[in-house]
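Reader: I would like a close look at one sheet and at what packs against it. Please take me through it step by step, and tell me how far the coordinates can be trusted.

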Amino acid sequence: MTGVLRIVLACALLVVPARAAELIYLGTDGIPQETNTISRTGSNNALYCADLIPPIGITNATKLAFRGGVAVSNTVGIAVYTHAGACPETGSCALVSTTFAGTIANDTLNVVTGLSAFSIPDGTGEMVRVCHCRSGGASNYRAAINVSTDVGTLRTLWNALAVHAGLAVEACSAGTPPGFTGTLSDDGSTNAVPPLLAIGK
Amino acid sequence: MGTAGMTPRWWGCLLVSACLLGTVLPAWAQSTSFLWWSPGPPARVRSVTGPAADVMHCRLRKETIGITSVTQAAYVTGATPGTGTMGVSFWSSDGQTRLGAATVAIPAATTAGVWTGLSFSLTKGTSYWLCWCASISSTTYRGNGPAPTVTGPMLNHTATRQATASPGCSAGAPPAGPISFTPATTGMEQMHVLLGTATP
């Protein structure tokens, strides 16, 4: 019996993810080297999303930081969704964190704490969907791209094989993101480039 | 504990465990939809001028996520792509095995060209070469920038990771291989490539 237990334990060690981090970034291919301000356009409460496949995951995250904002008296919403199953096709992706919904000045660092613990898969190839919206007024956010980057062609490549960056079927309500996104469509705007998010425990 | 002391029952448990892992891991641990050749969306997207006609530029990279059953890939042209054929190929780290190759007619400016007919997988933790070429000189595409005259020598300091390949392409079509690599440091901005499965 002892030998069997050893085998089971060995297998368990092989299966358990080994690289979950204390802090990860979403919206970049590594530690962000530079950022650019994206002026958000589009309808009020329109939900824009981008699909990412994070190389590093995190378990039980409760904090998040992003830089951006919205004109006073309006609300900005940022949310992270996971793809359990075939989310892009069925619209069944689940909201794992409404990271922010509040009134803040434009281009401000926002740190959100006390979130319900959520996890991002650790380099498993599972998609994560990062979305943002605002209830009205002018708004902006920082993305992990170079200032002179051609954002339009980045979106073109992102959507070259299937739409993974664009406008969601579901919308926000007074700046609060919905429980799921539905499918995405490429509306040709740069809003599809996701905000840079730092997620921590 | 040595294997000599293991009873058939233990070997059975080991076999079942291995089978379970072999069944679960490939689907669990790799992308089944799409994957950036760089591990995430690139921070820099610049119009890059490609190599001379049929010169194949290559970049070696260790895969950090993995993807199962790639069938297609895409790139985006620059402002003056010209008219011709663009080729892409994927190789084992020693250049001996071509995993896949395809050509596509160079599309209009700032639009996506999609290579189809690919059939391979990339394993997490394994290094692969991405190579690209064109039937015409100086086509433009979206890639990294500026010219990596500093990063090139760093990449090639301990091993060849940025190189031209021989033999080159023919009318934009990649060679069957095997290929060999010559380190290169200038004019080697990597093309941005997105990989996809049949259901990306």
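Author: In this predicted model, strand β1 of chain B runs antiparallel to strand β14 (residues 194-196) of chain B, and the two are joined by 3 bridges. One pair of facing residues can be named here, since W36(B) stands opposite L194(B) in β14(B). The pair belongs to an open sheet of 4 strands in chain B, whose order is β1-β14-β5-β8 and whose pairing is antiparallel. Because β1 (34-36) and β8 (112-115) of chain B each have a single partner strand, they form the edges of the sheet, and one side of each is left without a neighbour in it. Between neighbouring strands of this sheet the average turn is 20 degrees, with direction ignored.

What packs on this sheet comes from the other chain: helix α3 (residues 151-158) of chain A touches β5 (72-76), β8 and β14 of chain B, and the direction of the helix makes about 170 degrees with that of β5(B). Of the 8 residues of α3(A), 6 are buried, so the helix is largely enclosed by the rest of the structure. The buried residues are T153(A), L154(A), R155(A), T156(A), L157(A) and W158(A). Their cover is drawn from both chains, and it includes β3 (48-52) and β12 of chain A as well as β5, β8, β11 (140-143) and β14 of chain B.

Elsewhere in chain B, another strand that is mostly covered is β12 (residues 162-166), in which 4 of the 5 residues are buried. Strand β12(B) pairs in the antiparallel sense with strand β3 (residues 56-62) of chain B over 4 bridges, and within that pairing Q162(B) is the bridge partner of R59(B). Strand β12(B) also pairs, again in the antiparallel sense and over 4 bridges, with strand β13 (residues 180-183) of chain B, where A165(B) stands opposite F181(B).

To set these parts in their chains, chain B has 2 helices and 14 strands, while chain A has 3 helices and 14 strands. Buried residues account for 44% of the 200 residues in chain B and for 46% of the 201 residues in chain A. If one takes the contacts between residues at least 6 apart in sequence, 82% of those in chain B join residues at least 24 apart, and in chain A the corresponding share is 81%.

As for trust in the coordinates, the average pLDDT of chain A is 79, and 80% of its residues score at least 70. Within chain A, confidence is highest in strand β12 (residues 165-168), at a mean of 93, and lowest in helix α2 (residues 87-90), at a mean of 43. The strand with that highest confidence, β12(A), is included in the cover of the buried residues of α3(A). Over residues 8-18 of chain A the pLDDT is below 50, and this stretch has 5 contacts in the model beyond near neighbours in sequence. Residues 85-92 of chain A likewise stay under 50, and for them the model has 13 contacts beyond four places in sequence. Where pLDDT is low, the predicted coordinates should not be read in detail.

Key: Residues are numbered from 1 along each chain as its sequence is written. Chains are lettered from A and ligands numbered from 1 in the order in which they are written. This is a predicted model: local features need pLDDT of at least 70, side-chain atom pairs count only at pLDDT 80 or more; totals for chains, interfaces and linings use all residues. A residue is buried if 20 or more other C-beta atoms lie within 10 Å of its own, exposed if 12 or fewer, and partly exposed in between; C-beta atoms are placed from the backbone. Two residues are in contact if their C-beta atoms, placed from the backbone, lie within 7 Å. Two strands pair if DSSP finds at least two bridges between them. Axes are lines fitted to C-alpha atoms, for helices over the stretch in contact, and angles run from 0 to 180 degrees between N-to-C directions. pLDDT is the predictor's confidence in each residue, from 0 to 100.
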